Amino acid sequence: LPGAFTCEGGQFTLAAWLEPAGEIAGDSFDFAMERDTLHLSMTDAMGHDVRASMLATLVVGALRNARRAGVGLAEQAHNADVSLDRYSDRRGYVTGQIARVDLRTGTATIVNAGHPHPLRLRDGRVESIELVADPPFGLYPGHEYLVQQLPLQSGDRLMFITDGVLERNASTLNLEALMIEGAEMHPREAVQHVVLA
């Protein structure tokens, strides 16, 4: 995991949370800053055991290595896919989203590898950002991942989630209402508002 769960820049604030699982699980997130670019990823490995944690570690490492090599999102996704194919004996897959925000232009791109859609709060309304869902990493080796626009405007608030938020006791939560209730909160507080609910 990254060293901090919050990162603030002139144009953005990123706040994250990973709720401890009752069992070992494979959810993860990562982010990195370059001079004019924010990189982020969320991944969720299949299963709730040590193998899921190993799959998650493999994907996060592959994504980081590709990002540090300076390649685009499609190649980062390809690198994660190839790493799972090569090192996991094709016995698991990982859903995920990889995003890149250009802080100079305010534009963003994203790859959705079978992950729940992000929610966007804009002008008091919450909507799901409908993305084309490619297969999870490791499911169909060699798949070409689609890089899509992630529509943003100044003042938008995005919430990315893994399916853990959609399961178990959280499945009845009204995430849209929680986002609206937390609209005036600092993002770190807004994340905690959702987690406490």
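Visitor: What makes you call strands E7 and E10 partners?

Guide: Strand E7 covers residues 119-122, and 3 bridges join E7 to E10, with the two running antiparallel. Pairing takes at least two bridges, so E7 and E10 qualify. Keep in mind that this is a predicted model.

Visitor: Which residue in E10 is the bridge partner of Leu 121?

Guide: That's Arg 157.

Visitor: And what sheet do these strands belong to?

Guide: An open one of 3 strands, in the order E8-E7-E10, with antiparallel pairing. From one strand to the next, the twist averages 25°.

Visitor: Why are E8 and E10 called edge strands?

Guide: Strand E8 (125-128) and strand E10 (157-159) each have a single partner strand, so one side of each is left without a neighbour in the sheet.

Visitor: Back to Arg 157 for a second. What does its side chain reach in Gly 182, and what makes that a polar contact?

Guide: The side chain of Arg 157 gets to the backbone oxygen of Gly 182 at 2.8 Å. The cut-off is 3.5 Å, so a distance of 2.8 Å falls within it. Gly 182 is also one of the residues that Arg 157 touches, and others include Leu 119, Met 179, His 186 and Pro 187.

Visitor: How far is Arg 157 from Leu 38?

Guide: Along the sequence they are 119 residues apart, and in space they are 15 Å apart, C-alpha to C-alpha.

Visitor: Which strands make up the sheet of 5 strands?

Guide: The order is E3-E4-E5-E6-E9, and this sheet is open too, with antiparallel pairing. E3 and strand E9 (148-149) have a single partner strand each, so they stand at the edges with one side lacking a neighbour in the sheet.

Visitor: How do you know that E6 and E9 pair?

Guide: Count the bridges again: 2 of them join strand E6 (residues 107-113) to E9. At least two are needed, so E6 and E9 pass. Within this pair, Thr 109 stands opposite Gln 149 in E9.

Visitor: Which strands do the helices H1 and H2 meet?

Guide: H1 lies across E3, E4 and E5, and it runs at about 160° to E4. H2 packs on the sheet by touching E5 and E6, and its direction makes about 155° with that of E5.

Visitor: Now Thr 95 in strand E5. Is it buried or exposed, and how do you know?

Guide: Thr 95 has a relative accessible area of 12%. Buried means under 20%, so Thr 95 is buried.

Visitor: What does the side chain of Thr 95 make a polar contact with?

Guide: The side chain of His 115, at 3.0 Å. That is within the 3.5 Å limit, so it counts. Thr 95 also touches other residues, among them Met 42, Asp 44 and Pro 136.

Visitor: How many cavities of 30 Å³ or more are there?

Guide: The structure holds 1. The largest cavity has a volume of about 70 Å³, and its lining includes Asp 30, His 39, Arg 67 and Ile 98.

Visitor: Which element gives the most to that lining?

Guide: E4, with 3 residues. The elements that give two or more residues are strand E3 (27-33), strand E4 (37-45), helix H1 (50-68), helix H2 (73-87) and E5.

Conventions:
Residues numbered from 1 in each chain as written. Predicted model: local features only at pLDDT ≥ 70, side-chain atom pairs only at ≥ 80, totals over all residues. Heavy atoms only, no water. Helix = DSSP H or I, 4+ residues; strand = E, 2+ residues; numbered from the N terminus. Axes fitted to C-alpha atoms, helices over the stretch in contact; angles between N-to-C directions. Buried < 20%, exposed > 50% of the residue type's maximum accessible area, 1.4 Å probe, protein only. Polar contact = N/O pair within 3.5 Å; in protein donor to acceptor, adjacent residues only side chain to side chain. Contact = heavy atoms within 4.5 Å. 1 Å grid on protein atoms, 1.4 Å probe; cavity = no way out; pocket = protein on both sides within 12 Å on 5 of 7 lines; lining within 4 Å. Points joined across faces, edges and corners; volume = space filled by probe spheres on them. Lists of a residue's contacts leave out its neighbours within four places in sequence.
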